[in-house]
Amino acid sequence: MSSDLLRATAAHPTTGSSPSRPGRPTARRIVRLVLSYFVLGLGGVAILMPFFWMLSTALKRQEDVYKFPPEWFSSPHFANFAEALTLVPFYKFALNTATVVSLVVLGTLVSCSFAAYGFARLRAPGRDAIFLLVIATIMLPTTVTLVPTYIMFNYLGWINSFKPLIIPAFFGVPFYIFLLRQFYLTIPRELEDAARIDGAGYFRIWWTIMLPLSKPALATVMVFTFIAAYNDFFGPLIYLTDESKWTIAVALSTFTGSPRIGPQMHLLMAATTIAAIPSILVFLLAQRYFVRGIVLSGITR
Amino acid sequence: MTTTSTPPRRRLSMRRREAIACYIFMAPAILGLLLFAIGPMIASLLLSFTEYDMLSAPQWVGLANFQALIGDELFHKSLRVTAVYSLVTVPTILVISFILANLLNQKIRGISFFRSVYYLPTVISGVAVAMLWRWMFNGEYGLVNTLLDKIGIDGPNWFQDESWALPALIVTSLWTFGSTTLIYLAGLQGVPNEIYEAAQVDGASRLRQHLHITMPMVSNVTFFNLVMGVIGSLQVFAEPFVLTGGGPNNSTLLLPLYLYRNAFEYLKMGYASAIAWASFLIVLALTLLVFKSLPYWVHLEGSTEERNR
């Protein structure tokens, strides 16, 4: 079953192609162009509407939130952000989140690229069978492993610590191992052979050749991991019991029920906006890697 | 790879050294596989035959949990809710993503800006998105009802209304189609341009090009997105948990939510494991079905190129 998935998504040298097709009448081209912009623009406005609404509410004074018809951006009230941040120990949540996310990203990058090198470049009996098994677990629903994993962490005394969230990341994530392996397969073997002749061992080849050359793929993995870890809700929800250990995602989910914020929509939306900012920033910074990383990884071929 | 000239003894030791290195490099993944996939899977299966509240030792109860599942009204409801949710979100997201990816695959000015815009909701999905949509669907002051009011429709109190909570949850999920679109986009960029040029020479219309070139050429991407979509839709948790908590009257009780309740609210670890395995078997059956259908609609490498040249 998984061999079919592998075949359907197997590695393949990427054929770059430009989607623009020559030889069309200019008038039709212009019509198409205008139509494209129109549809993309309209869809874009529709997609972004909830964000505008969130931001608009975040900037309102309490008495204006329930005004009808709504005023979108009249007299922005920036003090809401400061108020939302001080009503809860936000810096504490941010620090917790930063600790967890940075270690998860580090662990994932190191373990996945390490394993991917073995799978991509070194030969050993059973390697491909192991690889298939690892890849097959991409399709394993997390719900199946959830209960025993929780019991295991409970047994180890890791509940209410960051360990259950961080340590698994150091044991590789199948999807990213796959992505990096596909990338390593595209790196010319001659580079490795040259290094071998110069006396470099496998570990050195991984560290000084594979890692630097795979920066775009690593960046892709980094962004995906950051966003997944930052937005993760289920893990922190079940493993972190003390409020002082909470991450932003868990803290945010309790805001409506919290006596400190209660149903004050403007503060709630201010907090939500603040919570969304790190993901958006990371995404904007790494945006150019996204499509490229996916294309290069050959995931779709 | 095909060196036969090297003396056999040296080759063997080189090979052996390479194999040892290979195992060392694979070690984290192998350990991860055992500790976080295969091990827990077996443990989960065993637990599903027990009663276990984490306080006293697990009691072997045989098939009792599964028998209880058969008679569990809430489990049935949860299955129905999940089925509706998946049947609506997965195909809708596939269609939207395919069309959008084609639009986003044009070489026009500012296209990367649009790509970012459409991917943005996916980036912040989770609790923040749930909070945002909770406000969007607010019965009295939410944007959705404000807009509906403008065209003379009196919108319901979405997440508090038994018949509207699931549709509202589905809309929330439809908003995050970004990953599917991105994977389609990557697939589209892998389609060789010469095929389109050849089709143009033959006078094929744009629609025909879409039907007979683009769609078959990215059918493997569709397959990938379909499988991942099905698996993903059966694991959605943050949005229903934050938006409705499964209510009203369990109308949004997706399977993971029901599992969470049993495991972490009622501490019925054995029963929760049985739910996990039941849903796993369903996913497995669905995935196998998709795989079985593979030869009928997915063009594997080679066949398409020969046909189009």
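This report describes the folds, helix packing and buried cores of a predicted two-chain model.

## Chains

Chain A holds 15 helices and 0 strands. Of its 301 residues, 55% are buried. Long-range contacts are frequent in the count: among chain A contacts with a separation of 6 or more, 73% join residues 24 or more positions apart.

Chain B has 15 helices and 2 strands. Its radius of gyration is 25 Å, well over the 19 Å that the globule rule gives for 309 residues, so chain B is more spread out than a compact globule. Its C-alpha atoms fill a box of roughly 70 × 65 × 35 Å along the principal axes. Buried residues make up 54% of chain B. Of the chain B contacts with a separation of 6 or more, 66% link residues 24 or more positions apart.

## Nonpolar cores

The largest nonpolar core has 186 residues. The members that touch the most others are A:Leu40, A:Tyr117, A:Phe119, A:Tyr184, B:Phe264 and B:Met269. Helix H5 of chain A, residues 90-121, gives the most to this core, with 14 residues. Another core lies apart from it and has 12 residues. Its members include B:Ile231, B:Val290, B:Leu294 and B:Val298.

B:Phe264 has contacts in both chains. Leaving out residues up to four places away in sequence, B:Phe264 touches A:Leu146, A:Tyr150, A:Phe234, A:Ile238 and B:Met269.

## Helix H13 of chain B

B:Phe264 is one of the buried residues of H13(B). This helix spans residues 255-265. Of its 11 residues, 10 are buried, so H13(B) is largely enclosed by the rest of the structure. The buried set is B:Leu255, B:Pro256, B:Leu257, B:Tyr258, B:Leu259, B:Tyr260, B:Arg261, B:Asn262, B:Ala263 and B:Phe264. Note that B:Arg261 and B:Asn262 are in this set.

What do these buried residues pack against? In chain A, the partners are helix H7 (142-155) and helix H13 (234-239). In chain B, they are H3, helix H12 (238-243) and helix H14 (269-297).

## H3 against H13 in chain B

Helix H3 of chain B covers residues 73-104. The axes of H3(B) and H13(B) come within 8 Å and cross at roughly 150°. That angle is over 145 degrees, so the two helices count as roughly antiparallel.

On the H3(B) side, the contact uses B:Leu74, B:Phe75, B:Ser78, B:Leu79 and B:Thr82. They meet B:Leu255, B:Tyr258 and B:Arg261 of H13(B). By class, this contact has 5 nonpolar, 2 polar and 1 charged residues.

## H11 against H14 in chain B

Helix H11 of chain B runs over residues 219-233. It packs with H14(B) at an angle of about 170°, with the axes 10 Å apart. This makes H11(B) roughly antiparallel to H14(B).

From H11(B), the contact draws on B:Ser219, B:Thr222, B:Phe223, B:Leu226, B:Val227, B:Val230 and B:Ile231. From H14(B) come B:Val283, B:Leu286, B:Thr287, B:Val290, B:Phe291, B:Leu294 and B:Trp297. The tally is 11 nonpolar, 3 polar and no charged residues. B:Ile231, B:Val290 and B:Leu294 of this contact are also among the members of the 12-residue core.

## A:Val147, a contact across chains

A:Val147 sits in helix H7 of chain A. Its relative accessible area is 1%, so it is buried. Beyond its neighbours within four places in sequence, A:Val147 is in contact with B:Leu47, B:Ala263, B:Met269, B:Ala272 and B:Ser273. One of these, B:Ala263, is a buried residue of H13(B).

## Positive phi in two loops

Most residues other than glycine have a negative phi. Two loop residues here have a positive one.

A:Asn160 has a phi of about 65°. It lies in the loop between H7 and helix H8 (163-166) of chain A. At 18% relative accessibility, A:Asn160 is under the 20% limit and so counts as buried.

B:Leu267 has a phi near 50°. Its place is just after H13(B), in the loop between H13 and H14 of chain B. B:Leu267 is partly exposed, with a relative accessible area of 34%.

Methods
Residues are numbered from 1 along each chain as its sequence is written. Chains are lettered from A and ligands numbered from 1 in the order in which they are written. This is a predicted model: local features need pLDDT of at least 70, side-chain atom pairs count only at pLDDT 80 or more; totals for chains, interfaces and linings use all residues. Side-chain values use heavy atoms; hydrogens and water are left out. A nonpolar core is a set of buried Ala, Val, Leu, Ile, Met, Phe, Trp, Tyr and Cys residues joined through side-chain atoms within 4.5 Å. Buried means under 20% relative accessible area, exposed over 50%, partly exposed in between (1.4 Å probe, protein chains only). Helices (H or I, at least four residues) and strands (E, at least two) are DSSP runs, numbered from the N terminus. Contact means heavy atoms within 4.5 Å. Axes are lines fitted to C-alpha atoms, for helices over the stretch in contact, and angles run from 0 to 180 degrees between N-to-C directions. Angles under 35 degrees count as roughly parallel, over 145 as roughly antiparallel, 65 to 115 as roughly perpendicular and the rest as oblique. Ala, Val, Leu, Ile, Met, Phe, Trp, Tyr, Cys and Pro count as nonpolar, Asp, Glu, Lys and Arg as charged, and the others, Gly among them, as polar. The radius of gyration is taken over C-alpha atoms; the globule rule is 2.2 Å times the number of residues to the power 0.38.
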